[in-house]
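Got the model open in your viewer? Let's walk through it, one selection at a time.

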Amino acid sequence: MDTRELRPGDGAALAEAGGLLNRLLGEGMYSDARMAEIAADPEALLLGAWDGGRLAGAAVARLLYPEDADYYHAFGAPALQQFTHHNVGSLEAVAVEPTRQRMGIGKRLTEEKMRWLASQGRDVGVAVSWISGSASGSSPMYQRLGFAGTPPVADFYLEESIKDGWTCPACQGPCHCSASFFYRMTS
């Protein structure tokens, strides 16, 4: 398994990673322009994982600041307290090809994102896990990796999916799926 950071000059790999993220997390969520922006952002990390020369997974992490806490308000005090007591980074996205799931790829990408967040001075990594009813959700992985979690919040992505115009792969339109908030110290 070859895992590496994607940078602005990685055109084909950026498009392939964006395609995987869109297909599994929401069509239109990761446009080519957004992928290029993430790859060029020094406060973001974009990873790809290849197995046998084929893209098996993609992941995004991002540095967060206290003013970013409002995005997580629906999850209540456990989420908001992370921003008042810690330097926080987001495990924004992880997607693994369905035929490659449950092989440790998501875990490896998540661990690499946590190391990167720690290297950037973040002591807590946070994630929102989409609960679509499919077997491929990330909640069990975060639990196995020792993350604390919150109860699910219904329709968490609904407003965002409408505003940003992306299509939920489970709902086939605006996202009515629930989501849970997860958090853990980076080291």
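Here is a tour of the pockets, the cysteines and the aromatic rings, bearing in mind that this is a predicted model.

**Stop 1: the largest pocket.** Select Leu 25, Glu 92, Ala 93, Val 94 and Val 128; among the 50 lining residues, these lie nearest the centre of the largest pocket. The volume here is about 1,200 Å³. Now colour by secondary structure. Which element gives the largest share of the lining? That is β4, with seven residues. At least two lining residues each also come from α1 (11-25), α4 (105-119), β5 (124-131), α5 (139-144) and α6 (158-164). Switch to colouring by residue type and you'll find 27 nonpolar, twelve polar and eleven charged residues in the lining.

**Stop 2: the second largest pocket.** Next, select Asp 70, Tyr 71, His 73 and Ala 74, then add Asp 155, Phe 156, Glu 159, Glu 160, Lys 163 and Asp 164. Together they line the second largest pocket, which has a volume of about 230 Å³. By type, this lining splits into six charged, three nonpolar and one polar.

**Stop 3: the aromatic cluster.** Keep Tyr 71 and Phe 156 on screen, and add Tyr 72, Phe 75, Phe 83, Tyr 157, Trp 166, Phe 181 and Tyr 183: you're looking at one aromatic cluster. Across the whole structure there are eleven aromatic pairs. Zoom in on Phe 156 and Tyr 157, whose ring centres are 5.0 Å apart; their planes meet at 80°, so this pair counts as edge-to-face. Are these two buried or exposed? Phe 156 is buried at 13% relative accessibility, and Tyr 157 is buried too, at 11%.

**Stop 4: the cysteines.** Show Cys 168, Cys 171 and Cys 177 as sticks. How many disulfides does a search of the whole structure find? Zero. Why no bond for Cys 171? Its closest cysteine sulfur, in Cys 168, is 3.7 Å away, which is too far; a disulfide would need the sulfurs within 2.5 Å. Cys 177 is in no disulfide either, with the sulfur of Cys 171 as its nearest, 3.7 Å away. As for their surroundings, Cys 171 is partly exposed at 32% relative accessibility, whereas Cys 177 is buried at 6%.

**Stop 5: arginines over rings.** Finally, select Arg 34 and Tyr 30: the arginine lies over the face of the tyrosine, 4.4 Å from the ring centre. Then jump to Arg 122, whose charged end sits over the ring of Tyr 65, 4.9 Å from its centre.

Notes
Residues numbered from 1 in each chain as written. Predicted model: local features only at pLDDT ≥ 70, side-chain atom pairs only at ≥ 80, totals over all residues. Heavy atoms only, no water. 1 Å grid on protein atoms, 1.4 Å probe; cavity = no way out; pocket = protein on both sides within 12 Å on 5 of 7 lines; lining within 4 Å. Points joined across faces, edges and corners; volume = space filled by probe spheres on them. Helix = DSSP H or I, 4+ residues; strand = E, 2+ residues; numbered from the N terminus. Nonpolar A, V, L, I, M, F, W, Y, C, P; charged D, E, K, R; others polar. Buried < 20%, exposed > 50% of the residue type's maximum accessible area, 1.4 Å probe, protein only. Phe/Tyr/Trp six-rings, centres within 6.5 Å; stacked < 30°, edge-to-face > 60°. Lys NZ or Arg CZ within 6 Å of the ring centre and 35° of its normal.
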